[in-house]
Amino acid sequence: MPDSIEKKRRTRRRGAVLGALFLLAAQLASAAILIWGASLASEYRWLQITLWVLAVLSLVPLPFVGIVLKQRLNEIKGGESDAAAQY
């Protein structure tokens, strides 16, 4: 029984880390595309500024991903999901 619980915890940890990495990659890719678009829109200053602002705003959630991932890993380590599943 404990082996299966540890296996589930490893799977949950892996899923949490992969989800965080996917979000980071998606946000960085969107920022890169917006910055690239801003470099192409040099003729339209308003569009260039808008794209730069959107690129910066897409990077705002990145520090919080680490915080949320740490909380999720602590939940998995503490067994809160396992205890809730018993009810």
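## Close-up views of a predicted four-helix model

**Figure 1. A salt bridge within helix α3 joins the side chains of Arg72 and Glu75.** The N-to-O distance of the pair is 3.4 Å. The model shown here and in the following figures is predicted. Arg72 and Glu75 are three residues apart in helix α3, and therefore about one helical turn separates them. An α-helix has 3.6 residues a turn, so residues three or four places apart point the same way. Arg72 is partly exposed, because its relative accessible area of 29% falls between the limits of 20% and 50%. Glu75 is likewise partly exposed, at 33% relative accessibility. The structure holds two salt bridges, and the other one is the topic of the next figure.

**Figure 2. Arg9 and Glu6 form a salt bridge within helix α1.** The closest N and O atoms of Arg9 and Glu6 are 3.5 Å apart. Both residues lie in helix α1, with a spacing of three residues, about one turn of the helix. Side chains of opposite charge can pair when their charged atoms come close. Are the two partners buried or exposed? Arg9 counts as buried, because its relative accessibility of 17% is under the 20% limit. Glu6, in contrast, is partly exposed, with a relative accessible area of 34%.

**Figure 3. The whole chain is built from four helices and zero strands.** Read from the N terminus, the order of elements is α-α-α-α. The protein chain has 87 residues, of which 20% are buried. Its accessible surface comes to about 6700 Å², and carbon and sulfur atoms account for 68% of this area. For contacts between residues at least 6 apart in sequence, 72% join residues at least 24 apart.

**Figure 4. The buried residues of helix α3 line one face of the helix.** Which residues of α3 are buried? They are Leu62, Val65 and Ile76. Seen down the axis of α3, these buried residues fall within an arc of 20 degrees, so they line one face. The face turned away from this buried side carries the exposed residues Pro63, Lys70, Lys77 and Gly78. Helix α3 has 17 residues and, at 1.5 Å a residue, should span 24 Å; its end C-alpha atoms are 25 Å apart, which agrees. After α3 comes Gly79, whose phi is positive, near 80 degrees.

**Figure 5. A nonpolar patch on the surface draws on helices α2 and α3.** The patch is formed by Ile49, Val53, Leu54, Leu57, Val60, Phe64, Ile67 and Val68. Together, these residues have about 720 Å² of accessible area. Helix α2 covers residues 45–59 and helix α3 covers residues 62–78; each supplies at least two residues of the patch. The largest share, four residues, comes from α2. One of the patch residues, Leu57, lies in helix α2. Leu57 counts as exposed, because its relative accessibility of 51% is over the 50% limit.

**Figure 6. Gln48 and Leu59 of helix α2 touch residues elsewhere in the chain.** Gln48 is found in helix α2. With residues up to four places away in sequence not counted, Gln48 touches Ala38, Ala41 and Ser42. Gln48 is buried, because its relative accessible area of 15% is under 20%. Leu59 is also found in helix α2. Which residues does Leu59 touch, not counting residues up to four places away in sequence? They are Gln27, Leu28 and Ala31. The C-alpha atoms of Leu59 and Ser30 are separated by 9.0 Å, and the two residues are 29 residues apart along the chain. Leu59 is partly exposed, with a relative accessible area of 33%.

**Figure 7. Arg10 and Lys77 are 67 residues apart along the chain, with their C-alpha atoms 9.5 Å apart.** Arg10 lies in helix α1, which covers residues 2–40. Is Arg10 buried, partly exposed or exposed? Arg10 is partly exposed, because its relative accessible area is 40%, between the limits of 20% and 50%. Lys77 is one of the exposed residues on the face of α3 turned away from the buried side of that helix.

Technical notes:
Residues are numbered from 1 along each chain as its sequence is written. This is a predicted model: local features need pLDDT of at least 70, side-chain atom pairs count only at pLDDT 80 or more; totals for chains, interfaces and linings use all residues. Side-chain values use heavy atoms; hydrogens and water are left out. Buried means under 20% relative accessible area, exposed over 50%, partly exposed in between (1.4 Å probe, protein chains only). Contact means heavy atoms within 4.5 Å. Accessible areas come from the Shrake-Rupley method with a 1.4 Å probe; for residues, only the protein chains shown count as cover. Patches are made of residues with over 30% relative accessible area and no salt bridge: like charges are joined within 9 Å, nonpolar side chains (Val, Leu, Ile, Met, Phe, Trp, Tyr) within 5 Å. A salt bridge is a side-chain nitrogen of Lys or Arg within 4 Å of a carboxyl oxygen of Asp or Glu. The expected span of a helix is 1.5 Å times one less than its number of residues. The arc is that of the directions from the helix axis to the C-beta atoms.
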